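Please set out the backbone and surface features of this protein for a colleague at the bench. Keep it brief, and start with the sheet.

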Amino acid sequence: MTASPGRWRVLIIVENLPCPFDRRVWQEALALRAQGHAVSIICPKGRGHDKGYELLEGVHIHRHALPVEADSALGYGLEYALALLMEFALALRIALTRGFDVIHGCNPPDTIFLIARFFKMFGKRFIFDHHDINPELYEAKFGRRDVWYRLLCRLERWTFATADVSIATNESYRRIAIERGGMSPSRVFVVRSGADLSRVRALPPRPELRRGKAHLVGYVGVIGKQEGLDLLLEAVAYMRKTLRRDDTHFVIVGDGTELAAIRRLARELAIDDCVEFTGRIPDAALWEIMSTADVCVNPDRANDMNDKSTMNKILEYMALGKPIVQFDLTEGRFSAADSSLYARPNDAADFAVKLCELLDDPARRAAMGAIGRSRVEAGLAWHHQIPRLLEAYETAMTGGEARANSPDSA
């Protein structure tokens, strides 16, 4: 089986999350499939996604076991090494059966280029989908620049050197690909992780989710060290103990390596009666909670990683028409603009004050929510990103030079 002109066989490799749970990867796969390309995905298994093989909406999904969920530098090294071996074995199997013309590698980690280098010897192309800046992510998790940090910097450089085209999630990442990765600007494309408006749907509020309180504040996302859930809980404690506010219920939706520690902190701060942890939940339940929320929050702590990264949860909050409170970070402000209030970086007390300002002003909340929804509809929704994705593929597969990619706007 060979690819027809303009029709390619795509192999997407992602190690961070299973598909279709990884929304960005799944949206990319469906967009490529809709254009007539054959799409296969290699990803890890995960809760609710434990089949080794599955054909969904015309996309072939191959999942491998991931016996290690790391929370240390050595653990991450073991996890990534095991994942790389299983990804390579599955890629070989697909190459000998269904075949592929291009590998679309999604980090973290920055090791998939090793598989791509092998297959490039046989004429395959490599598109690097830059989801995380791993040196900064390592520093955010462990607070140091040691031998592991230097190794991640080298892996990043080698990844960019191997890539025929790089896809960046925002302009900050695009600059890294060009300035730190040495890539030609004409081969770096910004494809934002836009909200899919056919999936993100506001539902009628359910007052009982407020648990008897006047207000509900929602958070959805990963619960890790860099996500700043400890700062959010400190803000909740400040609201209750200093501002004397006990009229708000908080719901934290998501899972991660820090969930147990964050639960303990809620108990230690004596706020566990007003903070609810749901873990991962189905989309229907998620949209009910977020549709009921008066304000949604993004407490990502200020560091180099978060300052340069676009968080999917912000765009989903905006798609639901919800006002936001977050710390003042470059890409967070670019995405949300006037649909958010911005607390001083890592200042939990100021975060609490900003939150109370919004809770006490329903008219302002409504106006900010409308701004966010309008920004998504005008340029940040997923359907606006598909042409850029397809242009990146056209450039990678034809070997030509694309037009100069100018900074995007919203």
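Two strands pair if DSSP finds at least two bridges between them. Helices (H or I, at least four residues) and strands (E, at least two) are DSSP runs, numbered from the N terminus.

This is a predicted model, in which local features need pLDDT of at least 70, side-chain atom pairs count only at pLDDT 80 or more, and totals for chains, interfaces and linings use all residues. Residues are numbered from 1 along each chain as its sequence is written, and side-chain values use heavy atoms, with hydrogens and water left out.

**The sheet.** Eight strands make an open sheet with mixed pairing, in the order 3-4-2-1-5-6-7-8. Strand 3 (53–56) and strand 8 (188–190) are the edges; each has a single partner strand, so one side of each lacks a neighbour in the sheet. On average, neighbouring strands are turned by 20 degrees against each other, direction ignored. The axes behind this angle are lines fitted to C-alpha atoms. Strand 1 (residues 9–14) runs parallel to strand 2 (residues 38–44), and five bridges link the pair. One bridge joins R9 to A38 of strand 2.

**Backbone exceptions.** Two residues other than glycine have positive phi values, and both sit in loops. Accessibility classes are buried (under 20% relative accessible area), exposed (over 50%) and partly exposed (in between), with a 1.4 Å probe and protein chains only.

| Residue | Phi | Loop | Relative accessibility |
|---|---|---|---|
| E57 | near 50 degrees | strand 3 to strand 4 (59–64) | 59%, exposed |
| R211 | near 55 degrees | strand 8 to strand 9 (215–220) | 43%, partly exposed |

The peptide bond from C19 to P20 is cis, with omega near 10 degrees. P20 lies in the loop between strand 1 and helix 1 (23–34). Another cis bond joins P108 and P109, with omega about 0 degrees. P109 belongs to the loop between strand 5 (102–106) and helix 3 (113–120).

**Helices and surface.** How far apart are the end C-alpha atoms of helix 7? They are 18 Å apart, which agrees with the 18 Å expected for the 13 residues (229–241) at 1.5 Å a residue. The expected span is 1.5 Å times one less than the number of residues. Buried residues of helix 7 include L229, L231, L232, V236 and R240.

L74, V147, W148 and L151 form a nonpolar surface patch with about 380 Å² of accessible area together. Helix 5 (residues 147–162) gives the largest share, three residues. L151 is in helix 5 and is partly exposed, at 36% relative accessibility. Patch residues have over 30% relative accessible area and no salt bridge; nonpolar side chains are joined within 5 Å.

Methods:
Patches are made of residues with over 30% relative accessible area and no salt bridge: like charges are joined within 9 Å, nonpolar side chains (Val, Leu, Ile, Met, Phe, Trp, Tyr) within 5 Å. Accessible areas come from the Shrake-Rupley method with a 1.4 Å probe; for residues, only the protein chains shown count as cover. A salt bridge is a side-chain nitrogen of Lys or Arg within 4 Å of a carboxyl oxygen of Asp or Glu. Axes are lines fitted to C-alpha atoms, for helices over the stretch in contact, and angles run from 0 to 180 degrees between N-to-C directions.
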